[in-house]
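Subject: Structure for you to look over

Dear colleague,

I am handing over the structure below, and my notes on what was found in it follow directly after. Please read them with the model open beside you.

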Amino acid sequence: MSEYIPLIINSLLGGGALSAILFFRSRQRKENAHASLAESEAIKGFATEWREIAEERERKIVEKDAKIDALYCNITEWRDRYNSLNEKCQTTLLERQAADYKVCNKRGCAEREPQTGF
């Protein structure tokens with residue numbers, strides 16, 4: 001019987017070591033799976049955050065483009081108004097110059113228009 005004791009101890013220890021190795025490997029696979037899941041969740045979070053940033057930037061660009069378009073319309077209106085007033089001013093200046101040219105400084109001139117009686 002005493003000769004079987006080392007055999008029993010060896011078989012228990014040998015089987016225990018094998019089960020410990022198998023248990024360690026399954027635990028390692030489980031930890032790797034959890035780590036992989038956590039990493040994919042972190043990547044998903046980063047992707048969501050970057051997508052939100054990109055959408056916000058795109059919205060701001062669209063708003064700026066709309067504001068720029070409105071300002072260009074405003075500038076066009078002011079340019080048109082300036083050009084019409086400038087044209088009116090130039091026309092008035094030409095009429096004044098023509099009137100200054102037609103002024104007769106002689107008193108009692110018959111060709112004076114309108115006749116003022118001088």
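The chain exposes about 11400 Å² of accessible area, and carbon and sulfur atoms supply 60% of that area. Please keep in mind throughout that this is a predicted model, and that the values in this message are computed from it. Of the 118 residues of the chain, 2% count as buried. The secondary structure comes to one helix and zero strands, and the helix, H1, covers residues 4-102.

On the surface there is a nonpolar patch formed by Phe46, Trp50 and Ile53, which together have about 360 Å² of accessible area. Tryptophan 50, one of these residues, lies in helix H1, and with a relative accessible area of 60% this tryptophan is classed as exposed.

The charged side chains come next. As a general point, side chains of opposite charge can pair when their charged atoms come close. The structure holds three salt bridges, and I take them one by one.

In one of them, the side chains of arginine 51 and glutamate 55 meet with a nitrogen-to-oxygen distance of 3.7 Å. Arginine 51 and glutamate 55 are four residues apart in helix H1, so about one helical turn separates them. Arginine 51 is partly exposed, with a relative accessible area of 47%, and glutamate 55 is likewise partly exposed, at 48%.

The other bridges both involve arginine 59. Glutamate 56 forms a salt bridge with arginine 59, in which the closest N and O atoms are 2.3 Å apart; because these two residues are three positions apart in helix H1, they are separated by about one helical turn. Glutamate 63 also forms a salt bridge with arginine 59, and here the closest N and O atoms are 2.4 Å apart. Glutamate 63 and arginine 59 are four residues apart in helix H1, which again means a separation of about one helical turn. Since the salt bridges share partners, Glu56, Arg59 and Glu63 are joined into one network. As for how far the members of this network are covered, glutamate 56 counts as partly exposed at 33% relative accessibility, arginine 59 counts as partly exposed at 39%, and glutamate 63 is partly exposed with a relative accessible area of 45%.

Finally, a word on the cysteines, in case you look for cross-links between them. How many disulfides does the structure hold? The structure holds zero disulfides. Cysteine 73 is partly exposed, with a relative accessible area of 49%, and cysteine 89 is partly exposed as well, with a relative accessible area of 40%.

If you would like a place to begin, I suggest finding helix H1, which spans residues 4-102, then the patch of Phe46, Trp50 and Ile53, and after that the network of Glu56, Arg59 and Glu63.

With best wishes

Definitions and conventions. Residues are numbered from 1 along each chain as its sequence is written. This is a predicted model: local features need pLDDT of at least 70, side-chain atom pairs count only at pLDDT 80 or more; totals for chains, interfaces and linings use all residues. Side-chain values use heavy atoms; hydrogens and water are left out. A disulfide is a pair of cysteine sulfur atoms within 2.5 Å. Buried means under 20% relative accessible area, exposed over 50%, partly exposed in between (1.4 Å probe, protein chains only). A salt bridge is a side-chain nitrogen of Lys or Arg within 4 Å of a carboxyl oxygen of Asp or Glu. Patches are made of residues with over 30% relative accessible area and no salt bridge: like charges are joined within 9 Å, nonpolar side chains (Val, Leu, Ile, Met, Phe, Trp, Tyr) within 5 Å. Accessible areas come from the Shrake-Rupley method with a 1.4 Å probe; for residues, only the protein chains shown count as cover.
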